[in-house]
Amino acid sequence: MFVARSIKTDHKDLIHDVAYDFYGTRMATCSSDQTVRIWEIESSTGNWHCTASWKAHSGSVWKVTWANPEFGQVISTCSFDRTAAVWEEVVGEGGGGDRGSATHWVKRTTLVDSRTSVTDVKFAPKYLGLILATCSADGFVRIYEAPDVMNLTQWSLQHEISVKVSCSCIAWNPTYPRHYAPMIAVGSDDTTLDTPKVMIYELNENLRRWTKIESLQDITEPVNDLAFAPNLGRSHHMLGIATKDLKIIALEPLKEQEDNMTGSTKLNSRTVAQCTDHNSTVWRVAWNVTGTILASSGDDGCVRLWKGNYLGNWKCISTMRGDGTHAVIEAAPASTGSFGANPANPSGGPTSSRYLKLAAAASQTKDVVWH
Amino acid sequence: MEVETKSNYGKVILDYGPSGLVIASVNKDSNSTASVNKDSNSTELRVLHALHLADNPFIKHFMISSSEIFCKLQEEANKLFPNTVPQSTVASYSRKYRGILRELVASFEEARDSSSASLYYNLEFVWHFCEIMFISSNPELPVLPYYSEWIHLNFDDSKVVVSHLEDELSEMDSENAKKMWGVIFKLVFHGKTKEAASYLSHMNPTNSPVVEEQIASMSELMRKRPVYHPTLHSVTNYERAWSAWKEEVELRMSHRIFFGHEELLFICKIMLGDDAAFENAKDKIDSWYEYLGMTLTYKYPTARPGSLKGHAKLVIEEFGFHDPANMVPMERVLLEAMDYNIVSVLRDMQLHWNYPWFTLHFADLVYCNGRFSSLKDIELESSSVGLLRDEFILDHGTTLMQHATMWQVGVRYLESIPDRGGWPVIKECIQRKKALTDFDTHKIISVAERFGFSGEIHGICRERALMKLKQGQKQDALLWSIKAGDGPLTTHILDILLVDGTCDIEQSLLESLRNALPCADRLLFLTGFCDFRKMMDRKDLRGAVSQLCHLIKENLIPTRMADKIALNIQHFKDRNTTFEDWQVSTLMEFLHTRVNPSEVGDDMFQKLNSVLLCNRAEGIVKSLNSAKIKLVK
């Protein structure tokens, strides 16, 4: 169950992305009006306020992403203007429209290597350092690093991966590195029929470059979004993919199957859920912080929440309209459930009786999420 | 050709954060073209904050209490491992859970939230029955004592009714007499014949001697009815006593002792297990499980738990429930419990109350006791109580971890999952806690330290240091960066501090710097400079000068600090103290090569220079004088 609050964004055009910071107490939005806005929640009232707004690019801003807070208050944006930028919040007299504020955002660098629109940008998991990945319509994934985290003006292009198809989205695998090499999933919105649209790349420590370790053959429709689930104890990775429907793919690293020459991991991919409830194209996917619930949004204007049980069966547990109101609640909410009943005193006497009559509930035969 | 305007119309953009969802959606306008009116904001942003059961203060208190019971049980189980926790101990913990459930019901009743009171009342009702089947009762012994107690606890309104009739007991009108008989009948149905007997004395309003005698006889029979107790009686002896008692009831019936008294005859027939009387009793009974209790009490008093299901089926048919699908969910759970189908019980409880509190704690009790923990689901081989228990704990613990104030309760649950199964969730969630104060941060760090999450501690401390720096609290920032063990950040903060020029760092901080690992050159300077300041405070000029020269020789003084450091030279002016030649030379070289006269001011520069020259001159004079004295000698 959720409580909804509306925010008037004052963006002059479509919002293309919204991103929470690590703690969920700040948000960034970006828009076709070429601006980025930062929002912060007031803990006492729960109201969100815009704390910064600036023109970030000379074209539509497609995506915004936050760095881990241990690197400071840092975001990155990408745009139709073929660039990505890194911004840092600093203390001092405000620039732009925020004169007099204690902090303001400054551009630390502009990444200009792409020849086409930069369609997605994501910071790597913090254990890799301050690293940024971008993907572009020119079919390249570029990975940048800031070697000195105290100096965000210096970024170097570490890798340029040729994906060979127009890229629409990118996702880092957030899994802790002890067992797995760094991994990226790239989605393509290419319209060529029957070609895989999701590619998995891994950083090969021996070759010191990114190599493709898997192309998901089941995903042949254009991909709009994808996201790895946080892996808190699973033996496999979970990837949520927004395409013509919603797919959840389990990627299981095969043990002792590494390619002896290159040291690459072999993955066994399996579709654990194919959800067509949106009855339309799915645009966005996002996991909760523990990787147990996947949110999806579709062309039907609805947001759905999906939860899997320990047997790997996924069910829709909530459907919300784009305005945040519930459309259907698939599972009984915890606050009531089918066990809630109207109290009645069977003897017809005083209502201070200690027991409450169990009324018949109109129960529906449904499977529990976990069984 | 690239197209800037993405087909975004109708898209819903979203993100999922620690506290909930944010959704950005476009308002669809059926009259619009594909291009958007750029002059108006056509996108709404909605933040959905996830509600939690624990947001309710009653439930929060309930959850904290249940976590305390849970933790104590885990401690007990760990102490006894590899043995299981004894049945009696597990039963006592189960009663504790029921106790707090009843407290919760009382709280909601007091707050007039009847819906919530009803929900938790029903949960306690089911829990109690499951406790009987899976924990308290012995499969080899009669189940009736437990079953009767369960029925009586939940369906006894005798005290309430009697309290309303208290003033009229001696002179009851027919309506009140009817109510009183209703109380007596209910007590008889529940097997509480002794309590029923105590009310019989009020049921002779006309003081008829015949009725008096009948009542006395019935009271005697009621009081003599043997009641089985597992620790006091053997089954054989009890059966013998019960048969004897039944014979006596039959005898009095055959002697027509209760002839003419409709109510007493009814009671007598009930006690004899007469089918016609049982049929009449249905009008006075609310549910089939109450009826089942009566059946067991007067027909099958030594029935074992395993035979309950068979008796229940017959009773249910008599009550007219021919299709189990028409039963309320809770009743299905009771039947599954009678089947000892623990996995189905847990499944249905979660189906109908989509929160794992019941399933988690009950599964844990069964798991600790060990008796049914190896049972698997009939259909799914891989289900077992142990596996389900861990899954429920993970679910409940994860939800609690994401609550603002209950996360420490979540930690307690998650650390009870075997093989550190809950640790990844703890690790992920605690670093997502936005600490507003240093106290909160220390709380989070202390939990992280307990689990050895050193990487996360580094991140938390580093982030705290950056936040303090942003707030202008440089010394606090320095403390946090040292705690993080972050050399580059520490250097960065020290540089900022040193740029301020005063080196005005608290003594206690400098002391802690001395004890910290020397992770930055700046630290070496500051600790050395701390010693210098101490010596100056003590007027130990020789020591101070020696220390300062050491800092200069080791090239530890940052360039930006040289001017400010040099100003200390003016305090070296003391006729009684002369310094070593090399010290004066060092200071002189420092003054002339590292200090910018325009920064300190020409006058001051000259003053500093003259202090050193004077000290050097006095030194020369002293040495000449001492040479002269030697010559004279």
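Here is a friendly exchange about the cores, a helix pair and the annotated repeats of this predicted model.

Trainee: Which helix gives the most residues to the largest nonpolar core?

Mentor: Happy to start there! That core holds 190 residues, and B:Y120, B:F134, B:I270, B:W288, B:F358, B:F362 and B:F572 touch the most other members. The helix that gives the most to this core, with 14 residues, spans residues 114-136 of chain B: it is α3.

Trainee: How are α3(B) and α4(B) oriented relative to each other, roughly parallel or roughly antiparallel?

Mentor: Helix α4 covers residues 144-155 of chain B, and its axis comes within 10 Å of the axis of α3(B). The two axes cross at roughly 170°. Angles over 145 degrees count as roughly antiparallel, so α3(B) is, relative to α4(B), roughly antiparallel.

Trainee: How many nonpolar residues are in the contact of α3(B) with α4(B)?

Mentor: On the α3(B) side, the residues include B:F125, B:F129 and B:I132, while those in α4(B) include B:W150, B:L153 and B:F155. Besides three polar and two charged residues, the contact has a nonpolar share of nine.

Trainee: How far apart are the end C-alpha atoms of residues 275-307 of chain A?

Mentor: An unreviewed UniProt entry lists this span, along with residues 8-43 of chain A, as "repeat: WD". Residues 8-43 are 0% helix and 53% strand, with end C-alpha atoms 19 Å apart. Residues 275-307 are 0% helix and 58% strand, and their end C-alpha atoms are separated by 12 Å.

Conventions
Residues are numbered from 1 along each chain as its sequence is written. Chains are lettered from A and ligands numbered from 1 in the order in which they are written. This is a predicted model: local features need pLDDT of at least 70, side-chain atom pairs count only at pLDDT 80 or more; totals for chains, interfaces and linings use all residues. Side-chain values use heavy atoms; hydrogens and water are left out. UniProt positions are given in the numbering used here, feature names are shortened, and annotations may be inferred rather than shown by experiment. Helices (H or I, at least four residues) and strands (E, at least two) are DSSP runs, numbered from the N terminus. A nonpolar core is a set of buried Ala, Val, Leu, Ile, Met, Phe, Trp, Tyr and Cys residues joined through side-chain atoms within 4.5 Å. Buried means under 20% relative accessible area, exposed over 50%, partly exposed in between (1.4 Å probe, protein chains only). Axes are lines fitted to C-alpha atoms, for helices over the stretch in contact, and angles run from 0 to 180 degrees between N-to-C directions. Angles under 35 degrees count as roughly parallel, over 145 as roughly antiparallel, 65 to 115 as roughly perpendicular and the rest as oblique. Contact means heavy atoms within 4.5 Å. Ala, Val, Leu, Ile, Met, Phe, Trp, Tyr, Cys and Pro count as nonpolar, Asp, Glu, Lys and Arg as charged, and the others, Gly among them, as polar.
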